[in-house]
Amino acid sequence: MSQISETQNNGLNIANSPKEKQETNILSTVMFCITVARKNWRWFALSALVCIGLAYLYAKRKPRVYHQSATILLSGSDAKSNKSRAFNSLQEISGIQSTDNLKDEIFVLTSRRLMGVVVEKLKLDISYSYTESLTPISLFDDTPIVAEFLEAYKNSVSFEAELRNNKINIKNLRVKGKKTGFEKTITFNEPVKTPGGIVVFRKTKTTPEFNNKTIHISRISTESAITRFRACISANENEKDANLITLHCQDTNHKRANAILSTLLDVYKTDIVDAKNSVANNTAKFIDERIELIGKQLSDVEKELVDFKQESNFLDYNLNVTNYLTESTTSHQNLLDLETKMAVITSLRDFIRTHAASEGKLIPVLGALGNESIDQQINEYNNLMVERNNLLINSSPTANAIVERDRVLSAMRSTICAAIDSYVSSIKIQLNKARASDNALRAAMTTAPKSEIKTLDITRQQKIKEALYTYLLNKREETALQLAINEANVRVVEFPYGVAIPVSPHTTRILLIAFLIGIAIPAGIFWLLITMDKTVHGRKDIEDELSAPILGDIPRWNDDKNEKKFLSKEDNGKTISEAFRVLRYNLNMVMQEGVIVITSSTPSQGKSFISRNIAAILGIGGAKTLLIDADIRKNTVSQILNMRRASIGLTSYLAGQAEIDDIIQKDIAENLDMIPAGVRPPNPAELLMSNRLDTLISTLRNEYGYQFIVIDTTPTINVADSGIVNRVADISLYVIRVGVEDRRFLSDLEKLYQEGKLRNMHIVVNDSNAKNIGDHGYGYGYGYGFGYGYGYGYGYGYGYGYGYGNERKHRTKLGKIIETFLSIRK
């Protein structure tokens with residue numbers, strides 16, 4: 001019969017392909033989630049409503065943020081200029097990747113230095129706002145009052161000013177966030193001394209809508225205001241190949257955002273003009289110093305000439321030297337030009353070596369040196385120096401950008417000095433030739449009076465100084481003209497613009513996120529509870545771990561008032577009755593008659609409930625059935641059926657104190673007899689090991705004609721009784737109760753099945769949810785009971801209970817709470 005049973009059981013558990021199992025797992029998980037959500041929809045709805053309500057209050061209390069933007073065009077030498085190309089070329093030669101000049105301008109636009117000027121001009125360190133319908137509203141030029149602090153900033157101050165006609169009630173004053181308790185009613189234009197300093201309130205306009213309203217006023221430090229409003233500003237390149245920069249400003253007042261952008265653009269233009277004029281200012285200073293020096297030298301030469309003529313009584317020597325002057329005119333003019341160039345270039349070289357390197361000064365642009373290469377190098381150097389000085393304002397001298405530019409500037413100075421030295425050498429050669437030619441002419445005039453020669457020398461020095469003086473005067477006028485031009489190479493393409501519609505907060509998005517959070521919270525709680533739950537959830541958990549066949553699923557019998565008794569014909573049509581009929585049908589497929597031993601892992605699995613009711617349903621089916629209470633330690637079935645006769649029962653027969661006819665209780669139900677457990681023996685295991693148990697079973701089957709003998713035994717863990725009784729079994733029904741059996745024990749149970757320690761073991765799933773069975777459509781589902789640990793024991797004085805009447809006392813408090821939580825809809 002064992003081989004027949006195994007063959008039939010193989011037909012009950014048909015192995016699915018891996019793909020079918022995967023699809024079944026996914027579908028089961030989805031259906032499980034739907035079932036949990038459907039059964040607990042009120043919790044999901046409550047959580048979603050609470051989260052949406054909180055999100056609405058959050059969005060309502062958030063200040064409205066407005067967006068303004070402006071676009072500027074960098075044109076001329078400031079955008080893609082020679083300085084940028086020269087600097088990028090030098091960087092590429094040095095192996096450094098060049099950067100876009102627009103990024104430097106974006107850094108300048110968003111720098112703290114420019115924002116500090118904006119904060120000072122707009123007085124952004126003092127803010128005004130009021131609350132309307134829980135929403136804070138910022139004020140700027142539309143504020144009805146203005147607070148003027150007559151003392152320098154010391155600490156942050158905030159207070160409320162309630163407008164009452166022509167009076168102001170100051171209250172809730174805080175200094176550095178701490179309440180001061182100061183409260184006073186004053187009039188406009190009246191200085192009032194407060195813990196935060198002396199304040200004067202001035203009315204800006206009369207607006208009835210602000211009567212009896214409270215204006216929130218706060219004052220912060222300039223540095224804090226710069227940090228706050230600098231965070232509101234952003235800039236980016238409009239297009240990669242264009243010189244367009246778009247500025248963005250987000251603020252809680254759209255008029256203030258517009259004013260910040262407008263003021264920032266004005267400050268930026270002024271900064272560019274000041275940077276450009278720094279070159280001209282430095283050149284003008286150098287020219288003034290040289291004019292003063294050359295003027296003094298020219299005065300000395302003229303005085304020397306006058307003194308010499310007076311001493312030598314020499315008035316006119318043109319007639320004596322006419323031929324000499326005619327021949328030496330060209331030589332004198334050439335010598336004059338060369339000496340002028342030599343004086344200018346030498347002064348410029350001395351300036352570069354003494355001032356430009358150490359003080360970061362610009363090199364004067366003189367323009368008429370006669371060497372375009374040197375002039376171009378000086379222009380490139382000055383442009384790069386201006387850029388370096390601008391970056392130094394917002395960074396330290398040790399910053400990488402400053403150090404790199406200092407290195408390039410040093411190389412450029414060396415290049416310029418080398419070029420000047422080379423140019424000086426060429427001028428010296430030309431000058432020596434010119435002097436040699438002049439000396440030759442002078443040597444030819446050996447007959448000329450010494451006074452004439454002396455006069456010519458003085459006159460030549462006078463003309464050199466006059467030419468140099470005139471040249472410097474012309475350069476000073478050119479520099480003054482350049483200073484008079486204050487136009488920046490920046491053009492506003494789009495003036496600050498934006499609509500008076502807030503871009504933040506996104507109420508719809510916030511409510512949607514809140515709704516999702518509201519759904520996720522209970523889902524997460526259920527997931528956490530299910531994850532923490534280590535008990536069997538349903539038939540699928542058993543099938544995943546065990547290869548033993550499953551005979552049937554028994555749902556919870558919640559609607560029966562007398563659940564400790566047997567099923568009867570009156571229960572026909574009920575889910576519990578039909579479940580036992582399915583179990584009887586599957587049992588008949590395995591065996592037509594024989595001994596059925598029923599056991600479980602631990603108490604509270606419903607073993608005794610299954611035992612008495614499978615016996616009852618077999619009897620209702622017409623089979624002569626005997627129920628034996630072999631749990632002689634606890635006598636559970638006997639106690640449930642009120643069979644407590646002290647000396648008559650299974651233990652009496654096994655001890656040789658009674659015969660079979662004495663221990664059988666006839667007709668306790670239709671076609672059902674019973675042998676109660678009897679008295680509790682001191683040696684239950686040894687008593688069950690006696691041969692009288694084998695004799696009893698054989699006699700009952702052969703002589704008494706019982707088709708089915710159902711034996712209720714003890715749990716298998718830590719108690720040997722069930723294993724001892726199992727030797728007479730034709731089939732072993734192992735009861736696993738959903739929500740009670742620990743899933744971690746299933747692997748041990750599989751090992752028990754593989755080793756064949758329980759004869760022809762089959763599984764009965766108890767306390768499965770009938771509704772879930774129908775919903776899933778697979779003949780199995782998940783239960784939602786929660787219980788942890790085993791908590792059992794045997795021996796004298798022990799106690800345990802199982803069956804539906806006593807199982808709840810073995811569930812943990814957490815299990816009870818969760819069970820109530822999940823069945824709240826009932």
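In strand β20, residue I711 is the bridge partner of I628, where strands (E, at least two residues) and helices (H or I, at least four) are DSSP runs numbered from the N terminus. The structure is a predicted model, in which local features need pLDDT of at least 70 and side-chain atom pairs count only at pLDDT 80 or more, while totals for chains, interfaces and linings use all residues. Residues are numbered from 1 along each chain as its sequence is written, and side-chain values use heavy atoms, with hydrogens and water left out.

The pairing of I628 with I711 belongs to a parallel arrangement in which β17 and β20 (residues 708-712) are joined over 5 bridges, two strands being taken as paired if DSSP finds at least two bridges between them. Strand β17 also runs parallel to strand β19 (residues 672-675), to which 4 bridges join it, and here L626 stands opposite D673. Strand β17 itself (residues 625-629) is mostly covered, with 5 of its 5 residues buried; buried denotes under 20% relative accessible area, exposed over 50%, and partly exposed the range in between, for a 1.4 Å probe and protein chains only. In a regular strand, side chains alternate between the two faces of the sheet. In β17, T625, L627 and D629 point one way, whereas L626 and I628 point the other way, and all are buried.

A further buried position is found in helix α10 (residues 372-393), which contains N382. This residue, N382, counts as buried because its relative accessibility is 2%. Apart from its neighbours within four places in sequence, N382 is in contact (heavy atoms within 4.5 Å) with V279, L362, I363 and V365.

Helix α10 also contributes to the salt bridges, of which the structure holds 23, a salt bridge being a side-chain nitrogen of Lys or Arg within 4 Å of a carboxyl oxygen of Asp or Glu. The side chains of D406 and R388 meet in one such bridge, at 2.8 Å from N to O. Since D406 lies in helix α11 (residues 400-444) and R388 in helix α10, this pair ties together parts that are 18 residues apart in sequence. With a relative accessible area of 14%, R388 is buried, whereas D406, at 28%, is partly exposed. Salt bridges that share partners also join D104, E387 and R405 into one network.

Two other salt bridges link elements that precede these in the numbering of helices or involve strands. The side chains of E223 and R112 meet at 2.4 Å, N to O. This pair links distant parts of the chain, with E223 in helix α7 (residues 222-230) and R112 in helix α6 (residues 112-122), 111 residues apart. Both count as partly exposed, E223 at 49% relative accessibility and R112 at 31%. The side chains of R202 and E148 form a salt bridge at 3.0 Å, N to O. Here R202 lies in strand β10 (residues 197-203) and E148 in strand β4 (residues 145-149), so the pair ties together parts 54 residues apart in sequence.

On the surface, W43, L46, V50, L54, Y56, L57 and L134 form a nonpolar patch with about 650 Å² of accessible area together. Patches consist of residues with over 30% relative accessible area and no salt bridge, like charges being joined within 9 Å and nonpolar side chains (Val, Leu, Ile, Met, Phe, Trp, Tyr) within 5 Å; accessible areas come from the Shrake-Rupley method with a 1.4 Å probe, and for residues only the protein chains shown count as cover. Within this patch, L134 lies in the loop between β2 (126-132) and β3 (135-139).
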